[in-house]
Amino acid sequence: INKFTIYQYMSLFLVILALTSAFFYGFGVNALIPVLISVLTTTILDFAISYFKFKTFEFPYSAFISGLFIGGLLTQNLQWYIYVLAGVIAILSKHIIKVHGKHIFNPANLGILMVFLVFNAPNSWWVSSPFYLVVLFGLFILWRQRRFDLAVSFLAAYYILHAFIPQPAMVGHMRMMMGNFYQSFISQSTLFFFAMFMLIEPKTHPAAGKQRIFYGILAAVMLIGIETYNPRFGVPFVLAVANLFVPILNKLNFGLKKKEAIQ
């Protein structure tokens, strides 16, 4: 298991989810064209930038993953240049918008959000259709990265808060139906995909455990709020705003460690 990196596992899982969604969930082979466009854009651009800066010939797995996210989350049948632009924004943000050497925003998510704001390009998260595969692969990723605290805090806070909010618009425009909890639960594969694949992106969440739990709860509160009052913006907006809090949470953690060391 340790022979492969988390980036390699993530790449494999996202490819499987894309192929499964395309061929077994009715999206068709044409749904893979945006994925290919996005992957080529992010991979080639990141490779070129890395070679120019460091003269290295390593395969850019993180950029490959960003391309899979963009092609798999944006709705199909958009103009080709929208996928390209989202990929360019994702890679440039990773190399330019940094704090202490780490990029602030989840690259793929920022690209998706920006093309939504500029072109009103919707995101359907179609790649998350195979619910059981999303959960299976997601559990492996959480175990491999030791990030159960982040994902569980987010999901627990989301469902607990949801119980006290009367009829919010659910992710994917689904509503919780207490009389058919199971079907309502599995229909929210988007939510689990977000928690297990997007929220735990290695460089854009807090480093310490307590801060990760707070971060997960914060993301859940914001998501409930956006679903209730303005569901049009949805998950990409919530994640981008949550990313802005990460440097603050990391500084708080650093301050606590420093105080303990002095004592």
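Q: How many residues does helix α3 have, and how far does α3 reach from its first C-alpha to its last?
A: This is a predicted model, and in it α3 runs over residues 61-73, which makes 13 residues. The reach is 18 Å, close to the 18 Å expected at 1.5 Å a residue.

Q: What makes α3 count as largely enclosed by the rest of the structure?
A: Look at the burial: 11 of the 13 residues of α3 are buried, so the helix is largely enclosed. Buried means under 20% relative accessible area. Among the buried ones are F64, I65, L68, F69 and I70.

Q: Why is W80 called exposed?
A: The cut-off for exposed is over 50% relative accessible area. W80 has 55%, so it counts as exposed. You'll find W80 in helix α4.

Q: Which residues make the nonpolar surface patch that W80 belongs to?
A: W80 is joined by Y81, L85, M114, L117, V118 and F119, and the patch covers about 670 Å².

Q: Which helix gives the most to the nonpolar patch?
A: That's α5, with 4 residues. Helices α4 (80-96) and α5 (107-119) each supply at least two residues.

Q: Why is K53 called partly exposed?
A: Partly exposed sits between the buried limit of 20% and the exposed limit of 50%. K53 comes in at 40%, so partly exposed it is. K53 lies in helix α2, residues 32-54, and forms a positive surface patch with K98, K102 and K203.

Q: How do you know that K94 and D46 form a salt bridge?
A: Check the distance: a salt bridge needs the side-chain nitrogen within 4 Å of the carboxyl oxygen. The closest N and O atoms of K94 and D46 are 2.9 Å apart, so the pair qualifies. The pair links distant parts of the chain, with K94 in helix α4 and D46 in helix α2, 48 residues apart.

Q: Are K94 and D46 buried or exposed?
A: K94 is buried, and so is D46.

Q: How many salt bridges does a search of the whole structure find?
A: It finds 2. Besides K94 with D46, there is R212 with D149, at 2.9 Å from N to O.

Q: What makes the R212 and D149 pair a tie between separate parts of the sequence?
A: R212 lies in helix α10 (residues 209-229) and D149 in helix α7, so the salt bridge ties together parts that are 63 residues apart in sequence.

Q: Why is R212 called buried, and why is D149 called partly exposed?
A: R212 has a relative accessible area of 8%, which is under 20%, so it is buried. D149 has 23%, which falls between 20% and 50%, so D149 is partly exposed.

Q: What is the phi of K55, and where is K55 found?
A: K55 has a positive phi of about 55° although it is not a glycine. K55 is found in the loop between α2 and α3. With a relative accessible area of 53%, which is over 50%, K55 is exposed.

Q: What is the phi of N120, and where does N120 lie?
A: Phi of N120 is near 60°, a positive value in a residue other than glycine. N120 lies in the loop between α5 and α6. At 45%, which is between 20% and 50%, N120 is partly exposed.

Key: Residues numbered from 1 in each chain as written. Predicted model: local features only at pLDDT ≥ 70, side-chain atom pairs only at ≥ 80, totals over all residues. Heavy atoms only, no water. Patch = residues over 30% accessible without salt bridge, like charges linked within 9 Å, V, L, I, M, F, W, Y side chains within 5 Å. Areas by Shrake-Rupley, 256 points an atom, 1.4 Å probe, with all protein chains shown as cover. Lys, Arg positive; Asp, Glu negative; His and termini not counted. Charge placed at Lys NZ, Arg CZ, Asp CG, Glu CD. Buried < 20%, exposed > 50% of the residue type's maximum accessible area, 1.4 Å probe, protein only. Expected span 1.5 Å × (residues − 1).
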